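Dear colleague,

I am handing over the structure we talked about, and below it you will find my notes on what turned up in it. Please read them with the model open beside you.

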Amino acid sequence: MENTREIIISSAFSFYTKPVMENVSLSMIASKAGITKPAIYRHFKNKQELDEVMVERVFCDIYSVLSKIEHGKGENFLGFIEDIMILLLTHKEYFFYLISTQVDFALDKVLFRFKKMGLSFFDHIFATDGSVTNMENYKRAIYLGGNIMFFAVLRNRVTEKQNVFDSYSDVVSYASKISSFFKNGLGQETETLSVSRMATLDEICCDNMKSVKPVDKVFVSISDIIKEKGFKGITVESVAHGIGLAKSSIYDRYENKTQMIGSLIQEEFESLYQVIEKNISHAESNAERGYVLMETALLYYMKKPEVLTVCQWFQIHSVNEIIHDKEYEQQIFSRYFENIELYDKFPDLGLPIEDKRIIASWFMMIPVVLFMHTRNQKISPEVVQAMLKDILIMMEKGVGNRK
């Protein structure tokens, strides 16, 4: 029979079957566990100690999977992606707990923690101070880590939307397909863009970026609050204080916090997609269109880094959950991606989602992950853009078959 301490931990995790924007209190956990709040204090001094135990549980369970890397370095570690994916899909509360509670959640910090826990594989990526020592390994680790998150969340959204339960065999089958996809990529014959052609496309993207408007000062205030306190720290009062206005000034523009966030996010997405559409009109092939889409997004985040915090949030949240407009996501896709020809077909992952939608979402996710982590590491824009070019090859040909 499960002891009380484990019941408390399990009850706390049970709130994180999806991203959580509000605080989960000890009273809420006690109610879920069927005990009194004072009973929790017999096992944990406070909420902070409980959180520390939960974080440790997550990392120890993932460590048990990653420790296998010690016996399979290099390309062989692709085989362990299946185990990591299975763990995240059978314990999705782990992932959602981390991204909901860790304000500075980022893959490079997660990977460095595993280095400090004793996984020598990560000695080939990080120095003792957390800086990157091997750009090739770092680039591949960030690419794979971002993909693992993306496809785990994608699977979770599909099952939630269809209101179905994934059996263990379903999870294993999906994990196997994902591992194969990471190894082989899109699996299509693609042209190799010349250095001169990429330079031309870069110049076009940079020129069109000059017309993009600066970030709204309200958006900047929201971004600052998120970085300090997470989404739960956002109130109309805190946003107004951040820009030196009375809260009534915010209410003159927006009805409430949700409408404020949603409106500003919608404006940013519209701005980003408009410049993507303009730049892609100069592309002449699938490879060029894919590259221009990602390059434009990357340049957009470089010019407007405040948007990065929200984009980090959008790695694991859908547009609908924030702006409460069920038609908006479909409108955005139809308006900007329906007529963009990228790649003919996505490899079969057993997902009832049209190929074009998956491909567009996937291509939009990559620049977010890349910029978020290279900014943490203070990597120069020139190097980041070179990394993006290499990542496009991984996306097309896979990590295991790169030439």
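**Two crossing helices**

Helix α8, which covers residues 135-162, and helix α19 have axes that come within 10 Å and cross at roughly 130 degrees. That angle makes α8 oblique to α19, because an angle counts as oblique when it falls outside the ranges for roughly parallel (under 35 degrees), roughly perpendicular (65 to 115) and roughly antiparallel (over 145). The crossing in which α8 passes α19 is right-handed. On the α8 side, the residues that meet α19 are Tyr138, Ile142, Tyr143, Gly146, Asn147, Phe150 and Phe151, and on the α19 side they find Ile358, Ser361, Trp362, Met365, Ile366, Val369, His373 and Thr374. Sorted by class, this contact of α8 with α19 is made of 10 nonpolar and 5 polar residues, with no charged residues.

**The chain as a whole**

Please keep in mind that this is a predicted model. The chain has 403 residues, of which 52% are buried, and it contains 20 helices and 0 strands. If you take the contacts between residues at least 6 apart in sequence, 74% of them join residues at least 24 apart.

**A look at α19 and α15**

Does α19 lie mostly covered or mostly uncovered? Helix α19 is mostly covered, since 17 of its 22 residues are buried. With 22 residues at 1.5 Å a residue, α19 should span 32 Å, and its end C-alpha atoms are indeed 32 Å apart, so the two values agree.

Helix α15, residues 286-303, can be checked in a similar way: it has 18 residues and reaches 26 Å from its first C-alpha to its last, close to the 26 Å expected at 1.5 Å a residue. Because 15 of the 18 residues of α15 are buried, this helix is largely enclosed by the rest of the structure.

**The residue to look at after α19**

Which residue just after α19 takes a positive phi? The residue is Lys378, whose phi is about 55 degrees although Lys378 is not a glycine. As background, most residues other than glycine have a negative phi. Lys378 is found in the loop between α19 (355-376) and α20 (381-397). With a relative accessible area of 74%, Lys378 is exposed, because that word is used for values over 50%.

With best wishes

Conventions:
Residues numbered from 1 in each chain as written. Predicted model: local features only at pLDDT ≥ 70, side-chain atom pairs only at ≥ 80, totals over all residues. Heavy atoms only, no water. Helix = DSSP H or I, 4+ residues; strand = E, 2+ residues; numbered from the N terminus. Expected span 1.5 Å × (residues − 1). Buried < 20%, exposed > 50% of the residue type's maximum accessible area, 1.4 Å probe, protein only. Axes fitted to C-alpha atoms, helices over the stretch in contact; angles between N-to-C directions. Left-handed = near helix turned anticlockwise from the far one by under 90°. Contact = heavy atoms within 4.5 Å. Nonpolar A, V, L, I, M, F, W, Y, C, P; charged D, E, K, R; others polar.
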